[in-house]
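Here is a quick tour for anyone opening this structure for the first time. Take a look at the picture, then read on.

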Amino acid sequence: MGGDAAEAGGAGGPNVGGAKRKFGDRVSQSRCRPMRSLGAEQTPPAGEAARARGEWDTVVRERATCRRRRRRRSRPAPTRHMRARAPSPLRTPQNTLPHPLKQQHQQATAVLPRKRFYRTRAHSNPLNAAVGAMRVPAAPPPPERWAAHFPAFFAAHQQQQQGHHPPQPLPEVRFADVGCGFGGLLVRLATLYPDKLALGLELRDKVAAYVRERVLALRHVQRGLLKERGQEEAVAAAAAPAEADPTESPVPGGYENISVLRANAMRHLPNYFRARQLEKLFFCFPDPHFKASNRRRRIVSVPLLAEYAHLVAPGGRVYTITDVPELGAWMRAQLEAHPSFVEVSAEELARDAAANLLPLATEEGQKVARNGGQTFIAVFERV
Ligand code: SAM
């Protein structure tokens, strides 16, 4: 086998020194020529004598070239994604109220991101200060600051305002998906509620970056489709938004009403939203934190519900879903224990389009459904 390899590698010249090459010997298989400048005796010239014969430099040069080629070969080939990746906007100071979508608008392409390029650890500890080490605004930013996240939505609003007296207030984020993961729910909410702004909050930076790219790509495709086919078809698609393929036909809203923020919702929700701003607050398949000592990391708990009660408008709803029976019972018990929330009845729940999305809209939900798992939903209304 070693001989075969040597023969295969021999295209560039004879087997130097006649040494039997081992399988996997990169030099033998390389395009590097085996020290052509050496004499028939194949003994490397050394010192002054070789230098005097003008051979030593050639040898050194050729060896260096081979080493470089070998190193280059052992490096993984850059993927399309690696080549195209721009410096992460997550690390820019704009993260105070990040508007990376604005920065990336010029770079948006119709290519939907691929999850395998955004692999990251399964969990982050939300109580770890280092994990949440991101700049956050000291107070909820005024509505105009959100325009960078939803530029076309705000532009359309401004256009509608022309000649409108008195002017309507600026749009505000009304739906928040806490721990939005890969953004499945956001994408479904976008077409179901095209006139509402929805924001995903995600702790893991790579996952947040994936959602950001996904939204940009969907918007890009939709803008192209809208230009091509016109507004009428978008209106027609509004009749059956769930069936519409976003890459084939225009959908209502064109995904201009959803965005994502890398944030630690356990610490910083009140830094982004003002009192009674939210109409819907989603917790889909939150991390279960099974160990008793880690229960304080659970995102639905009585102390945090006080915060959520402050942010959700009366009549607004908190949606929870999980496939972990113990966590389902825990979330329900926490919500029941809080005086600001009452459970939504089964009949009302059946009429709630957002609640009906929960089991299948998110990536986790789809995984549970594929595996034939059971889900536990609890929806509570802010009194
Ligand atoms: N909701 C998504 C779904 O159903 O597919 C993702 C569920 S995944 C099990 C839980 C997500 O919540 C993870 O992506 C995690 O990074 C995120 N997360 C956990 N704690 C968070 C926090 N304090 N703030 C924001 N996101 C958080």
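## The chain as a whole

Start with who touches whom: among contacts between residues at least 6 apart in sequence, 72% join residues at least 24 apart. Keep in mind that this is a predicted model.

The chain has 383 residues, and 31% of them count as buried. Its secondary structure comes to 16 helices and 7 strands.

## Strand S4 and its partners

A good place to look next is strand S4, which covers residues 278-284. With 20 or more other C-beta atoms within 10 Å as the mark of a buried residue, 7 of the 7 residues in S4 are buried, so the strand is largely enclosed by the rest of the structure.

Which strands pair with S4? One is strand S1 (residues 173-178), in the parallel sense and over 4 bridges. If you want a spot to zoom in on, Val178 has Phe283 of S4 as its bridge partner. Another is strand S5 (residues 312-322), also parallel to S4 and joined to it by 6 bridges. Here, Phe282 stands opposite Tyr319 of S5.

You can also follow the chain from S4 through helix H12 (residues 302-311) and on to S5: these three make up a right-handed β-α-β unit.

## Around the ligand

Now for the ligand. There are 24 residues around it, and the ones that come nearest are Pro126, Gly179, Gly181, Thr362 and Glu364. Three elements give two or more residues to this shell: strand S2 (197-202), helix H11 (265-272) and helix H16 (363-370). Which of them gives the most? That would be H16, with 3 residues.

What is the shell like by class? It has 12 nonpolar residues, along with 7 polar and 5 charged ones.

## Where H15 meets H16

H16 turns up again in a helix pair. Its axis and that of helix H15 (residues 353-361) come within 6 Å and cross at roughly 65°. On the H15 side, the contact is made by Leu358, Pro359, Leu360 and Ala361, while H16 brings in Gly365, Gln366 and Ala369.

Sort the residues of this contact by class and you get 5 nonpolar, 2 polar and no charged ones. The ligand shell, to which H16 gives 3 residues, does have charged residues, 5 of them.

Methods:
Residues numbered from 1 in each chain as written. Predicted model: local features only at pLDDT ≥ 70, side-chain atom pairs only at ≥ 80, totals over all residues. Buried ≥ 20, exposed ≤ 12 C-beta atoms within 10 Å, placed from the backbone. Pairing = 2+ DSSP bridges. Right-handed = clockwise from strand over helix to strand, strands pointing away. Near = placed C-beta within 6 Å. Nonpolar A, V, L, I, M, F, W, Y, C, P; charged D, E, K, R; others polar. Axes fitted to C-alpha atoms, helices over the stretch in contact; angles between N-to-C directions. Contact = placed C-beta atoms within 7 Å.
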